[in-house]
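Visitor: I should be grateful for a close look at one part of this protein. Please explain each term as you use it.

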Amino acid sequence: MSLYSISDAQLAFGHVALLDHADFSLEAGERVGLIGRNGAGKSSLLKIVAGLTKPDDGLVTRQSELSTVYVPQEPEFELDAPVFDVVASGLTDARAHLDDYDEVVHKLADTPEGAEHDALLARMNALQSSLDLHDAWNWRTRVATTLAQIGLDGDARVGALSGGMKKRVALARALVVQPDVLLLDEPTNHLDFDGIRWLEDLLVTLRTGLLFITHDRAFLDRVATRIVELDRGRLLSYPGNFSAYQTRKAQQLEVEQVEAAKFDKLLAQEEVWIRKGVEARRTRSVGRIARLVEMRQERAERRNVQGNVRLDVGQGEKSGKIVAELTDVTKRYGERTIVDNFTATVMRGDKIGLVGPNGAGKTTLLKLILGEIQPDGGRVRTGTNLQVAYFDQMRAQLDLDKTLADTISPGSEWVEVNGVKKHVMSYLGDFLFAPERARSPVQSLSGGERNRLLLARLFARPANVLVLDEPTNDLDIPTLELLEELLTDYDGTVLLVSHDRAFLDNVVTSVFASEGGGKWREYVGGFSDWQIQRERSEQIAQDAARQNARDTPKEDAPKESAAGRNAQRTVKLSFKEQRELDALPEKIAALEAEQKAIGAQLEDGSIFAKDAKEGARLSERHAAIDEELLVALERWEELEAKRK
């Protein structure tokens, strides 16, 4: 039986049907990725499943005592509160029942036997059953365990945390409830690469049903066991991850186009027939007229696939061959070094991705490259004839009181892109803004729409250097793919900051990566190439360090006294310890192999649908192996140190 299902659901805002007789269900252990256009109604559906709102019509079915937790895109916190209290607020109901229980127990002790005493006793038994069911007696332990699992300091103040750590607090507040269904709206927002990988590892081992919204294609590929697309009011289900969805979706659209073409051809033939006049009002002709009326109605109700954004960037004059040359550049803010002795050259046509954790200084390095700020040490030489177009992740370039038309082309109704003049209404239409919205203020737009408007403004100006600071935030997947195509074909230079791994892989030709401590290094290729090269470099460095340790001449070692040498000889492993040491590598390898096999089963997600108990057992075993591995590794180090 499904944890949750909704049948024949309808939901509309004004004349736009967000849900049009839609069906959806969520099984235990499933991890469902919900995708669709900006404004299609994904967040509305998530709130319906969370019980925060209701559809206009439709049948909603949920298991009794189903626990559902919703984590919004921008969670709200009491900023002065410690992290422990914020996470514990997820157990508000359980703690309230515990307080009620204590109150009833005290009243019961002071109440003589009688009707009131019996009522209090019944109330106490009911509360005790509820507390047992929800494991509320140990709520402090549950909070502490969840904080340790997610890597949070319970004493820290929420207001002092970064955006990524606040996202962790929101997840901890949800997970401490141990919900049956977890609902996440854009969970990767504000997380850097390490944070996203951490979240992926966490979600694939959860036993809860998971429904999440994201535009991160790599995240969908790793986490989702099913993709559900909200398309023109319908919910379409595709088993498997995002890559499997892309294949099936392409096939489906081809079939749709063929069927629509056949229908339109038949309708055109019937329209020709009706205009020639009906020769005789026989039953056959009357039936044909009725069928034509039905076909006209069906054609009117058909909701065509929403058009794609049409992107075209204004190409400026060519810049000089060298866009920027950095030589031993250093930049500090106070005692903190943001860039330390970095040397690189940016050539015309380069597409460079700047990657690193939040706060590493990616925006600072961008400004150094463009000559907007001066280094504290070293030299920056910028090229000639640079025409820079800048995309700001904070959308600071947008005046919220201006209309869309004035934002694109202030004081004129025309836009010129690559020598071709376009009316501003037509140009906005290329970015999926209807003509009637051209006079609306910017503040009326959603986050995704504001990003589309920024792109429209950016591409309306001739440029030979595009600087894109987190351009992928809030953009839907079709727009992301089109932006990738545009940047790939763009002849100018691209400087890109993004946490979208697939976007980086598909666009950039090299990566400037933060290595920590202000150190930056250039890698050829995209995100995946950087990961492979970094791991290879770390492995080579470790191998070299071990080789140096082995090659160190014994003469360099400090001379020991005879007593010291005799003392060292006397410290030997017992026979039992030696056998234990010999067996540990095999034991560690076996544990790692077992954990890898269990991880593969849990990542697939189907185990929870086939056998929920077995899925729960495997999840618990996966966590237990971590502890066993830690104990085994510590024991191995201890015995090795003793032997040496």
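Where does Thr 472 lie? Please continue from there to the sheet with the order 14-17-18-12-19-20.

Guide: Thr 472 lies in the loop between strand 17 (465–469) and helix 15 (477–489). The model is predicted, so local features need pLDDT of at least 70 and side-chain atom pairs count only at pLDDT 80 or more, while totals for chains, interfaces and linings use all residues. Residues are numbered from 1 along each chain as its sequence is written, and side-chain values use heavy atoms, with hydrogens and water left out. Helices (H or I, at least four residues) and strands (E, at least two) are DSSP runs, numbered from the N terminus.

With a relative accessible area of 9%, Thr 472 is buried; this word means under 20% relative accessible area, whereas exposed means over 50% and partly exposed lies in between (1.4 Å probe, protein chains only). Not counting residues up to four places away in sequence, Thr 472 touches Leu 480, Ser 498, Asp 500 and Phe 503, a contact being heavy atoms within 4.5 Å.

Strand 17, at one end of this loop, belongs to an open sheet of six strands in the order 14-17-18-12-19-20, with mixed pairing. Its edge strands are strand 14 (388–391) and strand 20, each of which pairs on one side only. Neighbouring strands here are turned by 15° against each other on average, direction ignored. Two strands pair if DSSP finds at least two bridges between them. In general, the strands of a sheet pair through backbone hydrogen bonds, either parallel or antiparallel.

At one edge, strand 14 runs parallel to strand 17, and four bridges join them; Ala 389 has Leu 466 of strand 17 as its bridge partner. Further along, strand 12 (residues 351–355) and strand 19 are also parallel and are joined by four bridges, with Leu 354 opposite Phe 512 of strand 19. Strand 19 (residues 510–516) is largely enclosed by the rest of the structure, because five of its seven residues are buried.

On its other side, strand 19 is joined to strand 20 (residues 519–524) by six bridges, and this pair runs antiparallel. Within the pair, Ala 513 stands opposite Arg 521 of strand 20. Two residues separate these strands in a hairpin, and Gly 517 in the turn has a positive phi of about 65°.

Helix 11 (residues 362–370) lies across strands 12, 14, 17, 18 (493–497), 19 and 20, running at about 160° to strand 18. Such axes are lines fitted to C-alpha atoms, for helices over the stretch in contact, and the angles run from 0 to 180 degrees between N-to-C directions.

Asp 474 and Leu 475, further along in sequence from Thr 472, are among the residues that Asn 38 touches, not counting those up to four places away in sequence. Asn 38 lies in the loop between strand 3 and helix 1 (42–50) and is buried, with a relative accessible area of 17%.

To place this part within the whole, the protein has 21 helices and 20 strands, and 44% of its 644 residues count as buried. Of the contacts with a separation of 6 or more, 68% are between residues 24 or more positions apart.
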